[in-house]
Amino acid sequence: MGGPEKNESKGFFAAMTSGFSIFSNAMHRSVNGLLGYEGVEVINPEGGKEDAEEEAQRGRWKPEERDGYWKMMHKYIGSDVTSMVTLPVIIFEPMTMLQKMAELMEYSYLLDQADKCEDPYMRMVYASSWAISVYFAYQRTWKPFNPILGETYEMANHGRVSFLAEQVSHHPPMSAGHAENEHFTYDVTSKLKTKFLGNSVDVYPVGRTRVTLKKDGVVIDLVPPPTKVNNLIFGRTWIDSPGEMVMTNLTTGDKVILYFQPCGWFGAGRYEVDGYVYNSAEEPKILMTGKWNESMSYQPCDLEGEPLPDTELKEVWHVADVPANDKFDYTYFAHKLNSFDTAPRKLLPSDSRLRPDRFALEMGDLSKSGAEKSSLEERQRAEKKIREAKEHKFAPRWFDLTEEVTSTPWGDLEIYQYNGKYTEHRTAIDNSDSIDHVDNKDIEFNPWQYGDLSKE
């Protein structure tokens with residue numbers, strides 16, 4: 001990539017990636033004073049190398065639970081644990097992965113602005129700021145529920161966006177999503193890949209994200225950085241996403257490259273994001289800087305990456321206010337995703353809101369949530385055996401598997417495409433006179449029976 005050299009003295013972000021290495025920095029330190037856990041990596045993002053053993057005693061686990069979980073999990077070190085391990089609900093949040101996908105729509109107005117923008121480089125500023133905005137929500141350390149095969153999530157009543165996600169595969173776990181309003185369409189095929197490292201896990205976003213801006217038909221591709229979840233068992237869990245985010249305008253060749261800085265000693269560099277918007281000739285046009293948990297700003301720059309004279313840094317996105325002391329660190333938007341305020345009329349019976357384990361956890365009943373979760377998982381395994389015995393292959397209802405296979409930095413990916421049937425389904429409902437809308441009071445009388453959720 002042309003433009004400013006990252007390791008030379010010149011340039012606005014001249015040294016921002018000096019010595020940069022994905023998942024590797026000076027913070028790594030091990031616990032050697034806890035008998036039986038020597039060598040376990042514990043990282044205090046706010047401290048130094050001398051406090052690892054003190055940090056190891058912190059966290060949400062009780063000592064006996066922590067020890068039992070470690071004995072169960074240490075045999076999986078080096079493995080992809082995306083769906084091979086049954087986890088206790090104590091580490092879960094009352095939301096599924098499909099709902100978490102929808103959190104990307106909180107600041108969808110940025111895509112509206114990108115569509116309305118005449119400047120091709122500012123268009124990329126708006127679009128990339130939209131992609132960064134979700135990381136504030138992604139820093140939550142609670143695990144979302146894995147969706148059941150055929151499970152869906154619908155969202156309406158937010159920014160005139162219609163959002164739908166469906167779990168299209170169980171092994172490997174894959175989800176597909178589609179969102180649309182008058183300014184853009186959003187399509188994603190998602191397949192997470194993980195590597196369990198003992199007290200941490202690396203998460204690789206094997207997926208494809210495409211946004212089409214309707215006014216000019218511009219197609220934008222997004223490749224996010226990987227994520228590392230630290231202190232899973234010992235210490236306070238925290239999340240970092242050191243690496244490179246690349247957003248490419250496939251129509252014009254313009255590109256944004258943003259570097260998520262790794263957390264250093266005593267939190268140095270944590271949350272910081274820096275980079276440039278480049279034109280198709282790989283020349284920097286706009287510099288971008290900020291923190292993914294606070295705000296992003298931009299400023300026009302010269303070919304060396306230096307701010308242009310008589311210009312100033314301007315904020316393009318700022319995180320919205322959040323509830324104080326929220327149990328799960330939810331944003332106001334996350335709470336809306338669990339509510340029926342964002343549900344369309346005649347909610348699909350396979351919707352994540354209706355999961356009994358998720359709802360029980362939301363109500364604070366961990367015992368019932370764990371029992372319901374086990375029941376759902378057992379019924380899913382039983383349904384799979386029946387399906388295989390009959391030689392039936394599961395077919396998603398709202399997305400079709402294409403013949404396209406795309407390459408990602410972390411492996412190949414089969415692409416699912418939105419088939420348009422959901423739009424027809426919603427249009428038929430909107431044109432009907434009947435209002436069949438699930439309300440909060442109906443949940444406990446609406447058991448979420450697992451079967452082939454692709455059919456009503």
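# Reading a predicted model, starting from one serine

Tutor: Let's start at S108, which is buried, with a relative accessible area of 2%. Keep in mind that this is a predicted model.

Student: Where is the place of S108?

Tutor: Look in the loop between helix 3 (97-102) and helix 4 (109-116). Being in a loop doesn't settle burial; the accessible area does, and S108 counts as buried because its 2% falls under the 20% cut-off.

Student: Leaving aside its neighbours within four places in sequence, what is S108 in contact with?

Tutor: With that filter on, S108 is in contact with W130, H158, V161 and F184. Pick up W130 from that list and apply the same filter: S108 turns up again, along with L104, M105, Y107, L110, L111, Y186, V211 and M247.

Student: How do I read a nonpolar core, and which residues of the largest one touch the most other members?

Tutor: The general idea first: in soluble globular proteins, nonpolar side chains tend to be buried together. Here the largest nonpolar core has 58 residues, and those touching the most other members are M105, W130, F163, Y186 and M247. Helix 5 (residues 120-133) is the top contributor, giving eight residues to this core. There's also a second, separate core of 24 residues, with A52, M73, V85 and I233 among them.

Student: Back to helix 4. Which of its residues are buried, and what do they pack against?

Tutor: The buried ones in helix 4 are L110, L111, D112, A114 and D115. Notice that two aspartates, D112 and D115, are on that list. The buried residues of helix 4 pack against helix 5, strand 8 (184-196), strand 9 (201-213) and strand 18 (314-318).

Student: What about aromatic pairs: how many does a search of the whole structure find?

Tutor: The search gives 17. With each pair, read the distance between ring centres and then the angle between the planes. Take Y107 and Y109: 6.3 Å centre to centre and 70° between the planes, so the pair is edge-to-face, the label for angles over 60 degrees. As for cover, Y107 is buried at a relative accessible area of 7%, while Y109 is partly exposed at 37%.

Now try Y135 and Y138: their ring centres are 5.6 Å apart and the planes are at 70°, so this pair is edge-to-face.

Student: Where do Y135 and Y138 lie?

Tutor: Both are in helix 6 (residues 135-138), three residues apart, which is about one turn of the helix. Y135 is buried at 7% relative accessible area, whereas Y138 is partly exposed at 29%. Together with F260, Y271 and W292, these two tyrosines form one aromatic cluster.

Student: What sits over the ring of F340?

Tutor: The charged end of R353, at 5.9 Å from the ring's centre.

Student: How many disulfides does the structure hold?

Tutor: Zero. The cysteines C117 and C263 are still worth a look for their cover: C117 counts as buried at 12% relative accessibility, and C263 counts as buried at 1%.

Student: How should I read the backbone, and which residues does a cis peptide bond join?

Tutor: The background is that most residues other than glycine have a negative phi, and most peptide bonds are trans. In this model the cis bond joins H171 and P172, with omega about 0°. P172 lies in the loop between strand 6 (161-169) and strand 7 (174-180).

Student: And phi? Where does R160 lie, and is it buried or exposed?

Tutor: R160 isn't a glycine, yet its phi is positive, about 60°. It lies in the loop between strand 5 (152-158) and strand 6, and R160 is exposed, with a relative accessible area of 67%. D329 also has a positive phi, near 60°, and is a residue other than glycine. You'll find D329 in the loop between strand 18 and helix 7 (332-338), and at 47% relative accessibility D329 counts as partly exposed.

Student: Let's zoom out. How many helices and strands does the protein have?

Tutor: Ten helices and 20 strands. Of the 456 residues in the protein, 54% are buried.

Student: What do the contacts between residues at least 6 apart in sequence look like, and what supplies the exposed area?

Tutor: Among those contacts, 59% join residues at least 24 apart. As for the surface, the protein exposes about 20600 Å², and carbon and sulfur atoms supply 49% of it.

Key
Residues numbered from 1 in each chain as written. Predicted model: local features only at pLDDT ≥ 70, side-chain atom pairs only at ≥ 80, totals over all residues. Heavy atoms only, no water. Core = buried A, V, L, I, M, F, W, Y, C linked by side-chain atoms within 4.5 Å. Buried < 20%, exposed > 50% of the residue type's maximum accessible area, 1.4 Å probe, protein only. Helix = DSSP H or I, 4+ residues; strand = E, 2+ residues; numbered from the N terminus. Contact = heavy atoms within 4.5 Å. Phe/Tyr/Trp six-rings, centres within 6.5 Å; stacked < 30°, edge-to-face > 60°. Lys NZ or Arg CZ within 6 Å of the ring centre and 35° of its normal. Disulfide = S-S within 2.5 Å. Areas by Shrake-Rupley, 256 points an atom, 1.4 Å probe, with all protein chains shown as cover.
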